[in-house]
4 protein chains.
Amino acid sequence: MIIQLKKNITLKQKEKILNQLEKISIPARPLQTNFKEYIVGIPKTEFDLRQIGNLPGIDDIHRVSDSYKMVSKKWKLHNTVIDLGGNIRIGTDELAIMSGPCAIESESQIESIVEHLLKNNVRIMRGGVYKPRSSPYSFRGLGIEGLKLFYKHCSQNGIKVITEVMQVSQVEKMLDFVDIFQVGARNSQNFNLLDVLGQVDKPVMIKRGISGTIDELLYSAEYVFSSGNEKILLCERGIRTFEKATRNTLDLSAIPVLKEKTHLPVIVDPSHGVGIRKHVPQMALAGVISGADGVIMEIHETPEKAFSDGQQSLYYEQATKLYDELREIKLLSNRFGYS
Amino acid sequence: MIIQLKKNITLKQKEKILNQLEKISIPARPLQTNFKEYIVGIPKTEFDLRQIGNLPGIDDIHRVSDSYKMVSKKWKLHNTVIDLGGNIRIGTDELAIMSGPCAIESESQIESIVEHLLKNNVRIMRGGVYKPRSSPYSFRGLGIEGLKLFYKHCSQNGIKVITEVMQVSQVEKMLDFVDIFQVGARNSQNFNLLDVLGQVDKPVMIKRGISGTIDELLYSAEYVFSSGNEKILLCERGIRTFEKATRNTLDLSAIPVLKEKTHLPVIVDPSHGVGIRKHVPQMALAGVISGADGVIMEIHETPEKAFSDGQQSLYYEQATKLYDELREIKLLSNRFGYS
Amino acid sequence: MIIQLKKNITLKQKEKILNQLEKISIPARPLQTNFKEYIVGIPKTEFDLRQIGNLPGIDDIHRVSDSYKMVSKKWKLHNTVIDLGGNIRIGTDELAIMSGPCAIESESQIESIVEHLLKNNVRIMRGGVYKPRSSPYSFRGLGIEGLKLFYKHCSQNGIKVITEVMQVSQVEKMLDFVDIFQVGARNSQNFNLLDVLGQVDKPVMIKRGISGTIDELLYSAEYVFSSGNEKILLCERGIRTFEKATRNTLDLSAIPVLKEKTHLPVIVDPSHGVGIRKHVPQMALAGVISGADGVIMEIHETPEKAFSDGQQSLYYEQATKLYDELREIKLLSNRFGYS
Amino acid sequence: MIIQLKKNITLKQKEKILNQLEKISIPARPLQTNFKEYIVGIPKTEFDLRQIGNLPGIDDIHRVSDSYKMVSKKWKLHNTVIDLGGNIRIGTDELAIMSGPCAIESESQIESIVEHLLKNNVRIMRGGVYKPRSSPYSFRGLGIEGLKLFYKHCSQNGIKVITEVMQVSQVEKMLDFVDIFQVGARNSQNFNLLDVLGQVDKPVMIKRGISGTIDELLYSAEYVFSSGNEKILLCERGIRTFEKATRNTLDLSAIPVLKEKTHLPVIVDPSHGVGIRKHVPQMALAGVISGADGVIMEIHETPEKAFSDGQQSLYYEQATKLYDELREIKLLSNRFGYS
């Protein structure tokens, strides 16, 4: 049960509601987010809504039968729109495109990408400065200094920055240089990290776990929301299966399923999903017609020289062609009106 | 190695080629298909092509490094087009749509579907008369009598029939009432069935196995081709994974991968792929933009009363809307030109 | 619901029972197996057992809530024992060992293996004469002539033969030369084949499908039983997963789960399960302590020269050591008394 | 390449080796662990060992072709033994048993378990105080205060404590109250956590990821080792597959594969592996005969009242019977001598 509280609710009124919930044995959790105040109740048995429904200070009450609550579509009529400022919003009729290298490698690389993005009117740049690597001996990213460079060039050009955060201790120092925190597939159930990201006022994009279920992804989002941050994006990036002809198995069905279950925007990552450059465009297009609100993709000026993921990074010319196609297919998706 | 033989090759010339192959220790397999004559050679070591290349009777020779040979794209420049007659072809710029019920249930049901297809200019009807069912106590289909009814109504209306064949002994009796034999996911590696289907002159659509790899699907097609039948379609219908929110995990990446590896047309089955009615249209559209040459889908006048798979069958109105959208997206797919 | 009929039931009595079932709207299926007569009823709603319980000719009635019926443990107190004659039985306190090559290759190979088995008191020999192969260009087995040789040497030495049947048309010609029909993983849901094997009076061992669930394996067994053959063995042989360090993922948990759900004997196949020679013995031992009634394994005099599966075939010396260990661990398994 | 350095190596000698490595273009990483000093070299091409082999200060040099180095069996003859003090060692001929509740719930629960362990001569107690839970609304453990109680009762009774650490910030405060840090399946690739655990002198048990490959588990161990901690245990706890009859699919084949690839001890977790109480004992036994050095299992005085995982926790009586059987089967495993 989600109780939306009035903006002007008094402390006394809030106490009264909590007392009443205790009286009827419903464990309750007050929640103050970047947008609003709520009380989440997890009733263990059936109960009569009227026992609390008419208490002062309450804006609205919703029963939510899903075991995730705040991220469920059952209580929130309108889909969440993530506003990044500068007239850049995610979750609208316009497709959000996030494009950039796997890893930030140098200042000149940043400049080259930024130029490419500006030419193509792409407003969000991706790029890793902390890289999760299976082997401790692989390149692990430029770290915070790389991020500062990355952010400087982007912010000067009106481009927003999305980059991966790997651990709690990085959150604070990254905060001023990030527009969207990305939680990677390997950290999709790093609950401590999710808790802390729930306490900042920056959007968080959570990638589905390597073999994470759709429900687990929603639960991970619930961690962030129930810690106070409503600005959440979900990302389908492929799951691990027996098939090895592609890097992962991009589960595009997950997109309409997610769009039905949650009010949060859904992003598709075709680069990690298929992992083969020449197939990335079709998977990106398929993701959009499946209902995705945005696409995150890897590009590189010279993919064959990339520090990582070169085999799945698009050349600039490929990307340029694709941006237009993606925007065209988004119009079609809007017109067909499935999600 | 694939040796294409001249139409007018003499027996003596053929013998000479085979003798020469034996001499240089290359196991050879003569192959007469519905289109052409070949010799397939499986060399175990490197060899000098000139040792056979200039023998009379040879049209062309191709080295094929894949371990499947005849279905590989490496030797055949033009994609295979399946001509069903009546101006209905699969593998062209026009999308092939196969629509119909999971199972043929009655004559009136056939009539209703045929009428719906005619209205929507859909030229191929699907429908099972032999149903593979996990439990022996489930409905197993109307059998050959059902097929005759099915075929009668379709052929009278210029509609082609695709239906599943489950075992060798059914092939002959079905032959006159079928335009495309479908091999189901559970029979995807029923090699005896594939062998026999290689000996008839009717198109065969092979579904990917429940947990079949892309390579295994190509090998299964190789069985049919190497037994003499070049008229083969491949079908992506979802694979089995840990995710249970959808019936299967529709692996749309398999479509561009297949289109790159083989010259055979690829069909997408969104109905079994996602298994949830409301998500079928988006998956169908995504399949087409991924490069599919056709779509096979389940429809029913009253899905809630269907003998099987009702939960994934579209209502007529949904299907009608979808056909137009599919055709529109196919135009886009052609224009983008990825596969 | 399973109605066990008396041996001396009259036709009239049987009719009366079927009429009564029809009257109370329970679809019924009379079933005559190699052991007994039954009527299987699939009630769609709750019903009162007394409405049929006291009719003459009935031996016993059991409600079975599982959707598979005859193979369920819920109605049959005693585990099924497969008697192969010659004092060789499977499903007793003694471990059944089936050992032999992947494929029958030659008469001298058969003789060599038989000698090895006799020395080690192993009473069942495995060996394929019809080999399901992904590629049509691989060795497909010696066929029926190979089987006759195989059977001749074994029967002369009191050794029983288990071999794979791949299609319906093979059943009759193999019948006289086989002691146990094996249904391979790729045919685990070849329902026509299962139906026909239900009509012969020879034991049938069904392998779990490549990505078959435990329930699907039980349903496949139900096909055989409900067609008239109670002599069924189930075989765990590994499932397909993302892990590629082993050929398959041997799912040993399936053994106690199966032993709890069904009265049929369960065999473990460590050779295909792990696919790496040096790890086969430990997986065989683990299978037995998990509750397996038997082990089927691949051996070869010179594995490096085997036509197929050499990498997972044991040398004779390894096998000899393992047989003793397996028997010792079976004693322990009996003493611990878990299944 | 692993260069083992002499105990008495001088700074100058070390510098010389590093200089020489730089000269021949081999990236090198000096490494000081709780046991020894090494230099790890990651050569990119073939090189001549003699170019460094005779430098003073070097104890031994090994080429390791695996991409994980320090955890590979290729350079270390003897298996690693983890000495917990009090004559409790893991990785010897004696089986290590770790038994206890899923979560620490109360002091009286701790006392009850400790008493049970003492009676059964079990020397390591498991129990979670930080619980990773999919849903933020589930019980998340008693935290550090629970750990102090847990440790107090155990240390007073000569019992060692293994418990899960979930994030970097917990490591320091847990340090004095833990004998083995456990890294859970969801944190198996939390590389920052692994890095930090490499800097403490306490054993670390890493669980295989929910869909982690065997190689990824070894890489995770390489993170810990290459940060300075050689005291590592690996744990097979089941992987996620399509089969839902069991909680996970316990991959026992992973045990001999791991024992062949690494010198680290391997523990099996049958409780999470199968997730069904009655099948836990057989899976535990199977794990030991597969070569496991230890077993970690969940027990509870009244499993039906457990805060979490009750369905897979053994009753005391079951556990008591199982401990003896496990020890007996370990003797057999030693005698058979496979790993």
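Two residues are in contact here if their C-beta atoms, placed from the backbone, lie within 7 Å. The model shown in every view is predicted.

**View 1. C:P203 sits in a loop of chain C and is buried.** The title residue, C:P203, lies between helix 6 (191-197) and strand 11 (204-207) of chain C. C:P203 has 26 other C-beta atoms within 10 Å. A residue counts as buried at 20 or more such atoms, so C:P203 is buried. Leaving aside neighbours within four places in sequence, C:P203 is in contact with C:I82, C:I180, C:K231 and C:L233. C:D179 is 24 residues from C:P203 along the chain, yet their C-alpha atoms are separated by 6.9 Å.

**View 2. D:I3 is a buried residue of strand 1 in chain D.** Strand 1 of chain D covers residues 2-5 and includes D:I3. Around D:I3 there are 25 other C-beta atoms within 10 Å. Residues up to four places away in sequence are not counted in what follows. D:I3 touches D:I17, D:Y38, D:I39, D:G41, D:I58 and D:I61. D:N248 is 245 residues from D:I3 in sequence, and 40 Å from D:I3 in space, C-alpha to C-alpha.

**View 3. Helix 4 of chain B has its buried residues on one face.** The helix runs through residues 143-156. At 1.5 Å a residue, its 14 residues should span 20 Å, and its end C-alpha atoms are 20 Å apart, which agrees. Which residues of helix 4 of chain B are buried? They are B:G146, B:L147, B:F150, B:Y151 and B:C154. Seen down the axis of helix 4 of chain B, these buried residues fall within an arc of 130 degrees, so they line one face of the helix. An α-helix has 3.6 residues a turn, so residues three or four places apart point the same way. On the other side of helix 4 of chain B, B:E145 and B:Q156 are exposed. The cover over the buried residues of helix 4 includes helix 3 (107-119), strand 8 (124-126), strand 9 (160-164) and helix 5 (168-174) of chain B. Just after helix 4 of chain B comes B:G158, with a positive phi of about 70 degrees.

**View 4. Helix 10 of chain C is mostly covered.** This helix spans residues 280-289, and 10 of its 10 residues are buried. Among them are C:V280, C:P281, C:M283, C:L285 and C:I289. C:Q282 and C:G287 are buried too. Just after helix 10 of chain C, C:G291 takes a positive phi of about 115 degrees.

**View 5. Chains C and D meet through the same surface.** The contact takes 33 residues from chain D and 33 residues from chain C. On the side of chain D that touches chain C, helix 8 (254-261), helix 9 (270-274), helix 10 (280-289) and helix 11 (316-336) of chain D each give two or more residues. Helix 10 of chain D supplies the largest share of that side, 6 residues. The residues of that side of chain D divide into 18 nonpolar, 12 polar and 3 charged. In chain C, 100% of the interface residues of chain D are also interface residues, so the copies meet through the same surface.

**View 6. A two-fold rotation axis relates chains C and D.** A turn of 180 degrees, with a shift of 0.0 Å along the axis, lays chain D on chain C with an RMSD of 0.0 Å. The two copies are thus related as by a two-fold rotation axis. Which C-alpha of chain D is nearest the axis? That of D:A286, 2.1 Å from the axis.

**View 7. Two asparagines, C:N121 and D:N87, have a positive phi.** Most residues other than glycine have a negative phi. Phi of C:N121 is about 55 degrees. C:N121 lies in the loop between helix 3 (107-119) and strand 8 (124-126) of chain C. C:N121 is exposed, with 9 other C-beta atoms within 10 Å. Phi of D:N87 is near 65 degrees. The loop between strand 5 (82-83) and strand 6 (89-90) of chain D holds D:N87. D:N87 is exposed, with 8 other C-beta atoms within 10 Å.

Notes: Residues are numbered from 1 along each chain as its sequence is written. Chains are lettered from A and ligands numbered from 1 in the order in which they are written. This is a predicted model: local features need pLDDT of at least 70, side-chain atom pairs count only at pLDDT 80 or more; totals for chains, interfaces and linings use all residues. A residue is buried if 20 or more other C-beta atoms lie within 10 Å of its own, exposed if 12 or fewer, and partly exposed in between; C-beta atoms are placed from the backbone. Helices (H or I, at least four residues) and strands (E, at least two) are DSSP runs, numbered from the N terminus. Ala, Val, Leu, Ile, Met, Phe, Trp, Tyr, Cys and Pro count as nonpolar, Asp, Glu, Lys and Arg as charged, and the others, Gly among them, as polar. Copies are superposed by least squares on the C-alpha atoms of residues with pLDDT of at least 70 in both. The expected span of a helix is 1.5 Å times one less than its number of residues. The arc is that of the directions from the helix axis to the C-beta atoms.
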